[in-house]
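Colleague: I'm new to this one. Could you walk me through how to read its features?

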Amino acid sequence: KEPFNPTELKRIVEVFNTALDGTEFSEFRVVEADIDCSDACGDLGMLQFSDPESNPITKIYKTLAVQRYGDFGQFYHFKSVAIALEIIRSKSIQVSNLLSNQANDYAEFEEYFRRYGPIHKLIPKDRQLQTKDAAGGSEYVAVGDSRRPIDDERESIFILCFTKDSRNVRFWKQYAAEDSGVCIAFRFLNFNSKMFSNYDLRDVAYDTDGYRLDFINYINYHLGKEFGRQLLTVGLSRFAKFYKRGKYTWENETRLAFDFPYVMNSFNFDLNEPLPVQTDPETGRKYIILKLLNDWQEGNNISHENPFFLLTIDEVIVGTKVSDCDYQEIESALKEYFPRAMVRKQMEVKSYLNMLLSK
């Protein structure tokens, strides 16, 4: 495709700003100086900004999915007593890929592409458009692979989910077996700034009304209709793994994510060295093992086992229905493997409310 002329660039600016006007993102309106659209993806029918950071969609993504590098507060993760003990004793936690997760994390990643992402990622790879005859006709022809591009992405994205809300009754009910499980409070002690390109620690962005990002569809409709292009946003799939519909807002989630192909292809760093991908022989679930720091002291260096950050167990909050025997077992395990960590029982809702009222 030919480079855009001044009139076309002006119209592109207009398309972006019309889409953004009246939304919560109007501050990211484009000025003509920002537009220098590269033709590098012309063969793919994609439009991209020569400077990805000037792309308003990139700016919006960073605003919605806030990066948490440098957050040294507690991040909570709910588990059964048995799995919590395994995490403590192994001084590590398993991080599963999206393709292994059949809960809402699996579905929400695809939901984003259905609403806003490139539709080709949802089409099976055995349905490729091929020339049919010498006259130039074409049809979709099976070529032997039923997987979709989005499935490949989900297989290579590994996530660990946290929340900042340890008292949420729904978490204790759904993820801690009706108050008979535990809430593990993790804490990041240090972040290796040289490794920031190899993982993300971001808040999840919630599509609160179901139309929060519809401006993307407006932009792509007009780019396609008027210029035969679609918008290419660098890191589109990176944002998709931080997207959820509004009905999950109650989770108040922060997500740690490793994206293997993105890292290896873009930064020439092989995550498989510190984090080799493993497969559960019984379920086929793919996971990586993230090492935890068990007995830290201020000034400890980043280890070769986990070159990204120092992560430790800061506290374990035990559900109200956990037996005294299980409580003592958790307490004993923490003393042995995480001697600086605390253990306490979750306060019942009535007791918690009474405490608040008494203040």
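Modeller: We'll go through ring pairs, charges and a pocket, with a word on the ground rules to start. This is a predicted model, where local features need pLDDT of at least 70, side-chain atom pairs count only at pLDDT 80 or more, and totals for chains, interfaces and linings use all residues. Residues are numbered from 1 along each chain as its sequence is written, and side-chain values use heavy atoms, with hydrogens and water left out.

Colleague: How many aromatic pairs does the structure hold?

Modeller: A pair of aromatic rings is described by the distance of the centres and the angle of the planes. Here, rings of Phe, Tyr and Trp (its six-membered ring) pair if their centres lie within 6.5 Å; planes under 30 degrees apart are stacked, over 60 edge-to-face, and the rest tilted. The structure holds 28 such pairs. Take Tyr69 and Tyr199: they meet edge-to-face, 5.2 Å centre to centre with 70° between the planes. This pair links distant parts of the chain, 130 residues apart: Tyr69 is in the loop between helix H2 (56-64) and strand S3 (74-79), and Tyr199 in the loop between strand S8 (182-191) and strand S9 (200-203). Helices (H or I, at least four residues) and strands (E, at least two) are DSSP runs, numbered from the N terminus.

Colleague: Which of the terms buried, partly exposed or exposed fits Tyr69?

Modeller: Buried means under 20% relative accessible area, exposed over 50%, and partly exposed in between (1.4 Å probe, protein chains only). Tyr69, at 21%, counts as partly exposed, while Tyr199 is buried at 1%. Tyr199 also forms an edge-to-face pair with Phe309, 5.1 Å centre to centre and 75° between the planes. Phe309 lies in strand S16 (residues 309-318) and Tyr199 in the loop between S8 and S9, so this pair ties together parts 110 residues apart in sequence. Phe309 is buried, as is Tyr199. Ring pairs gather these residues into a cluster, whose members include Tyr69, Phe75, Tyr199 and Phe309.

Colleague: What lies over the face of Phe75?

Modeller: A charge sits over a ring if NZ of Lys or CZ of Arg is within 6 Å of the ring centre and within 35 degrees of the ring normal. For Phe75 that residue is Lys164, 4.1 Å from the ring centre.

Colleague: And which salt bridge partner does Arg115 have in Asp207's strand, and where do the two lie?

Modeller: A salt bridge is a side-chain nitrogen of Lys or Arg within 4 Å of a carboxyl oxygen of Asp or Glu. Arg115 and Asp207 meet in one at 3.8 Å, N to O. Arg115 lies in helix H4 and Asp207 in strand S10 (residues 205-207), so the pair ties together parts 92 residues apart in sequence. Arg115 is partly exposed at 26%, but Asp207 is buried at 2%. Both belong to a network of salt bridges with Glu108, Glu111 and Arg245.

Colleague: Which residues lie nearest the centre of the largest pocket?

Modeller: Rolling a probe the size of a water molecule over the atoms shows where empty space is left. On a 1 Å grid over the protein atoms alone, a pocket is an open set of points where a 1.4 Å probe fits, with protein on both sides within 12 Å along at least five of seven lines; lining residues have an atom within 4 Å of a point. The largest pocket is lined by 36 residues, with His77, Phe78, Lys79, Gln94 and Leu160 nearest its centre. S4 supplies the largest share of that lining, six residues.
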